Amino acid sequence: MKKFLLPLLLLTTQPAFATDDGLTECRQIEDVEERVACYDEYVDSRHPDRESTVPDAQSLFGTDDADARRIVETTLAVEQIDRIEATVTGVMDSPGRKMLVVLDNGQTSRQLNNKRLQLERGEGVIVRKASLGSYLLEKESGSRRVRVKRVN
């Protein structure tokens, strides 16, 4: 009985060991971007029913901001990060002794709490995710931080 079982097992698993010419051709491409494009084209041709389009405004209507952001990020395969490092290009006071901070990456953040943090143009800062969807801005050189919200 055991003598018949091994050949039968090999016959049923043979397709798993078979090589695919499309994948082999893709593997031989040296340029990484071209190789990835080849793999993507291969997979798309094997699964034509799979939808690979970016969601539009109508399909996102009714979802809350977090759900919409998650859908777009996963569709576009956006890498998730928990902090950024930037340089201050401008600091303005807003009503209530709260500041507006402009960063070299084009982002602008408004202070939410009443803590004081002296920032000057050219200083390095870190903006990191905090609890409950909030963000903290701190100097690279110090431990003081303020809670901020991105306004653009």
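**Close-up A. The disulfide between helix 2 and helix 3.**
By the sulfur-to-sulfur distance rule, the count comes to one disulfide. This is a predicted model, and here the bond joins Cys-26 to Cys-38, with the two sulfurs 1.9 Å apart. The pair ties together distant parts of the chain: Cys-26 sits in helix 2 (residues 21-27), Cys-38 sits in helix 3 (residues 32-46), and twelve residues separate them in sequence. Which hand does the disulfide of Cys-26 and Cys-38 have? The torsion about the S-S bond is about -75°, so the disulfide is left-handed. As a reminder, a disulfide is a covalent bond between the sulfur atoms of two cysteines.

**Close-up B. Cys-26 and Arg-27, side by side in helix 2.**
Is Cys-26 buried or exposed? Cys-26 has a relative accessibility of 1%, so it counts as buried. Arg-27 also lies in helix 2, but at 52% relative accessibility Arg-27 counts as exposed because the cut-off for that label is over 50%. Look across from Arg-27 to Cys-38: the two are eleven residues apart in sequence, and their C-alpha atoms are 8.7 Å apart in space. Setting aside neighbours within four places in sequence, Arg-27 touches Arg-35 and Tyr-39.

**Close-up C. Helix 5 and the residue that follows.**
Helix 5 covers residues 65-76, twelve residues in all. From its first C-alpha to its last it reaches 16 Å, close to the 16 Å expected at 1.5 Å a residue. Right after helix 5 comes Ala-77, which has a positive phi, near 55°.

**Close-up D. The six-stranded barrel.**
Six strands close into a barrel here, and if you trace them around, the order is 1-2-3-6-5-4. The pairing is antiparallel. On average, neighbouring strands of this sheet are turned by 45° against each other, direction ignored. In general, strands of a sheet pair through backbone hydrogen bonds, either parallel or antiparallel.

**Close-up E. The hairpin of strands 2 and 3.**
Strand 2 (98-103) and strand 3 (residues 108-111) form a hairpin with four residues between them. In the turn, Gly-106 has a positive phi of about 95°. Three bridges join the two strands, which run antiparallel. For a landmark, find Leu-100, which stands opposite Arg-110 in strand 3.

**Close-up F. Strand 6 between strands 3 and 5.**
How many bridges pair strand 3 with strand 6? There are three, and the pairing is antiparallel. Ser-109 has Arg-150 in strand 6 as its bridge partner, while Gln-111 stands opposite Val-148 in strand 6. Strand 6 also runs antiparallel to strand 5 (residues 135-139), with four bridges joining the two. Leu-137 has Val-146 of strand 6 as its bridge partner, and a hairpin connects strand 5 to strand 6 through five residues.

**Close-up G. Thr-108, a buried residue of strand 3.**
Thr-108 has its place in strand 3. With a relative accessible area of 13%, Thr-108 is buried, because the limit for that label is under 20%. What is Thr-108 in contact with, leaving aside its neighbours within four places in sequence? The list is Leu-100, Val-101, Val-102, Lys-149, Arg-150, Val-151 and Asn-152.

**Close-up H. The largest nonpolar core.**
Twelve residues make up the largest nonpolar core: Ala-86, Val-88, Met-99, Val-101, Leu-103, Leu-117, Leu-119, Val-125, Val-127, Leu-137, Val-146 and Val-148. Two or more of these residues come from each of strand 1 (83-94), strand 2 (98-103), strand 4 (124-129) and strand 6 (145-150). Which strand gives the most to this core? Strand 2 does, with three residues. In general, side chains in a regular strand alternate between the two faces of the sheet. To see one core member up close, pick Val-101: apart from neighbours within four places in sequence, Val-101 is in contact with Val-88, Gly-90, Gln-107, Thr-108, Ser-109, Leu-119 and Leu-137.

Key. Residues are numbered from 1 along each chain as its sequence is written. This is a predicted model: local features need pLDDT of at least 70, side-chain atom pairs count only at pLDDT 80 or more; totals for chains, interfaces and linings use all residues. Side-chain values use heavy atoms; hydrogens and water are left out. A nonpolar core is a set of buried Ala, Val, Leu, Ile, Met, Phe, Trp, Tyr and Cys residues joined through side-chain atoms within 4.5 Å. Buried means under 20% relative accessible area, exposed over 50%, partly exposed in between (1.4 Å probe, protein chains only). Contact means heavy atoms within 4.5 Å. Two strands pair if DSSP finds at least two bridges between them. Axes are lines fitted to C-alpha atoms, for helices over the stretch in contact, and angles run from 0 to 180 degrees between N-to-C directions. The expected span of a helix is 1.5 Å times one less than its number of residues. A disulfide is a pair of cysteine sulfur atoms within 2.5 Å.
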